Amino acid sequence: MATKAVDLRSDTVTKPSEAMRAAMAAADVEDDILGSDPTARRFEAEMARIMGKEAALFVPSGTMANLISVLVHCDTRGSEVILGDNSHIHVYEHGGISTLGGVHPKTIPNDPDGTMDIDKIVAAVRSRDGSLYYPITRLVCLENTQGNCGGKCLSVEYTDKVGEVAKTHGLKLHIDGARIFNASAALGVPVDRLVRAADSVSVGLAKGIGAPIGSVIVGSKAFIHKATILRKTLGGGIRQVGILCAAAEVAVRDTVGKLADDHRKAKVLADGLKKIEHFTVDLASVETNLVSRPATPSIREFD
């Protein structure tokens with residue numbers, strides 16, 4: 001008789017490893033809101049280095065990371081962001097960019113591979129000549145991997161093209177990288193190269209790599225300065241946050257290298273489920289760590 005259940009609802013259903021718990025207990029901490037927590041400073045500097053950006057900021061959740069990033073880029077109410085109709089920011093984050101930031105979403109259909117058609121992105125950019133009537137386009141958001149498309153990876157070539165479109169039209173590019181390390185592992189592309197075109201990235205720590213809490217925002221020093229103010233405004237500052245950063249350090253150190261094996265196991269699971277009567281699995285969609293039915297969202301997640 002089975003004595004242990006394996007919960008596969010989401011890659012968010014994890015428990016801290018013994019190494020994480022030990023690191024949390026031993027973390028050197030001070031007051032991070034005053035900017036003096038040494039563990040937080042060290043972890044943020046390391047994440048900025050890994051992602052190839054100037055600076056980083058720890059925040060309690062992916063939803064807050066995306067909200068802060070959008071609000072920094074769209075600092076005038078009535079701004080517009082172009083994003084996928086099946087993106088996490090648009091579907092699962094309670095409309096926070098509109099509710100709290102006055103930012104208008106301009107959605108484009110996500111194709112089955114997680115991308116948005118580049119010609120449609122270009123067509124969605126508002127002409128400044130119509131600014132008396134229309135929102136002003138300021139930002140494009142991508143999601144990599146794309147959760148509701150089954151964890152599909154956006155290639156570096158595609159991301160670079162979107163980055164060029166954004167730059168040409170004077171826009172910023174934000175990547176929701178809740179599973180960016182999964183994309184990097186699956187594509188065989190270093191994570192810093194994968195996000196080079198982005199002005200900001202939210203990096204999930206509590207999904208595929210298994211930290212108990214948090215995300216990191218990366219970008220320029222000026223961007224992170226503004227993000228720090230917004231984190232405080234939203235109640236996301238945590239005093240001795242080094243306790244949480246210590247666990248995240250272990251997750252990045254110990255788990256990122258195991259993601260390719262997670263992807264292999266997901267394919268084995270999908271293949272096995274497909275052989276069971278009454279189960280329908282889209283084998284072709286399994287690129288990373290998510291398994292889904294055809295043409296349905298792969299997971300339900302709230303953070």
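Student: Is Leu 205 buried or exposed in this structure?
Tutor: In this predicted model, Leu 205 is found in the loop between strand E6 and strand E7. Its relative accessible area is 0%. Buried means under 20%, so Leu 205 counts as buried.

Student: Which residues does Leu 205 touch, leaving out those up to four places away in sequence?
Tutor: The C-alpha atoms of Leu 205 and Ser 155, 50 residues apart along the chain, are separated by 21 Å, and Ser 155 is not among the residues that Leu 205 touches. The residues touched by Leu 205 are Phe 43, Phe 58, Gly 210, Ala 211, Ile 213, Gly 214, Ser 215, Val 216, Ala 248 and Val 252.

Student: Which residue does the UniProt annotation "modified residue: N6-(pyridoxal phosphate)lysine" cover?
Tutor: The annotation comes from an unreviewed UniProt entry. The residue in question lies in the loop between strand E6 (200-204) and strand E7 (215-219). At 7% relative accessibility it counts as buried. The annotated residue is Lys 207.

Student: Which elements do the buried residues of helix H8 pack against?
Tutor: Helix H8 spans residues 180-187, and its buried residues are Ile 180, Phe 181, Asn 182, Ala 183 and Ser 184. After the helix comes Gly 188, whose phi is positive, near 70 degrees. The buried residues of H8 pack against helix H2 (38-51), strand E5 (172-177), helix H9 (191-194), strand E6 and helix H12 (259-274).

Student: Which residues are in contact with Leu 230, leaving aside its neighbours within four places in sequence?
Tutor: Leu 230 lies in helix H10, which covers residues 221-233. Its C-alpha atom is separated by 30 Å from that of Cys 149, 81 residues apart along the chain. The residues in contact with Leu 230 are Ile 68, Leu 71 and Val 72.

Student: Which residues is Pro 112 in contact with, apart from neighbours within four places in sequence?
Tutor: Pro 112 lies in the loop between strand E3 (104-108) and helix H6 (118-124). It is exposed, with a relative accessible area of 68%. Pro 112 and Ala 19 are 93 residues apart in sequence and 38 Å apart in space, C-alpha to C-alpha. The contacts of Pro 112 are Cys 149 and Lys 152.

Student: What is the omega of the peptide bond from Asn 144 to Thr 145?
Tutor: Thr 145 has its place in the loop between strand E4 (136-143) and helix H7 (156-168). The peptide bond leading to Thr 145 from Asn 144 is cis. Most peptide bonds are trans. For the bond from Asn 144 to Thr 145, omega is near 0 degrees.

Student: Where is His 94 found, and what is its phi?
Tutor: His 94 is found in the loop between helix H4 (88-91) and helix H5 (96-99). At 76% relative accessibility, His 94 counts as exposed. Most residues other than glycine have a negative phi. His 94 is not a glycine, yet its phi is positive, at about 55 degrees.

Student: What is the phi of His 278?
Tutor: His 278 lies in the segment after helix H12. Its relative accessibility is 74%, so His 278 counts as exposed. Although His 278 is not a glycine, its phi is positive, at about 80 degrees.

Student: What radius of gyration does the protein have?
Tutor: The C-alpha trace of the protein spans about 70 × 50 × 30 Å along its principal axes. With 303 residues, a compact globule would have a radius of gyration near 19 Å. The protein agrees with this, as its radius of gyration is 19 Å.

Student: How many helices and strands does the protein have?
Tutor: UniProt lists residues 7-291 in an unreviewed entry as "domain: Aromatic amino acid beta-eliminating lyase/threonine aldolase". Over residues 7-291 the chain is 41% helix and 14% strand, and the end C-alpha atoms are 13 Å apart. For the protein, the secondary structure comes to 12 helices and seven strands.

Student: How far apart lie the centres of the positive and negative side chains?
Tutor: The accessible surface of the protein comes to about 14,400 Å², of which 55% belongs to carbon and sulfur atoms. The protein has 36 positive and 37 negative side chains. The centres of the two sets lie 1 Å apart.

Methods: Residues numbered from 1 in each chain as written. Heavy atoms only, no water. Helix = DSSP H or I, 4+ residues; strand = E, 2+ residues; numbered from the N terminus. Rg over C-alpha atoms; globule rule 2.2 N^0.38 Å. Areas by Shrake-Rupley, 256 points an atom, 1.4 Å probe, with all protein chains shown as cover. Lys, Arg positive; Asp, Glu negative; His and termini not counted. Charge placed at Lys NZ, Arg CZ, Asp CG, Glu CD. UniProt positions renumbered as here; feature names shortened; annotations may be inferred. Buried < 20%, exposed > 50% of the residue type's maximum accessible area, 1.4 Å probe, protein only. Contact = heavy atoms within 4.5 Å.
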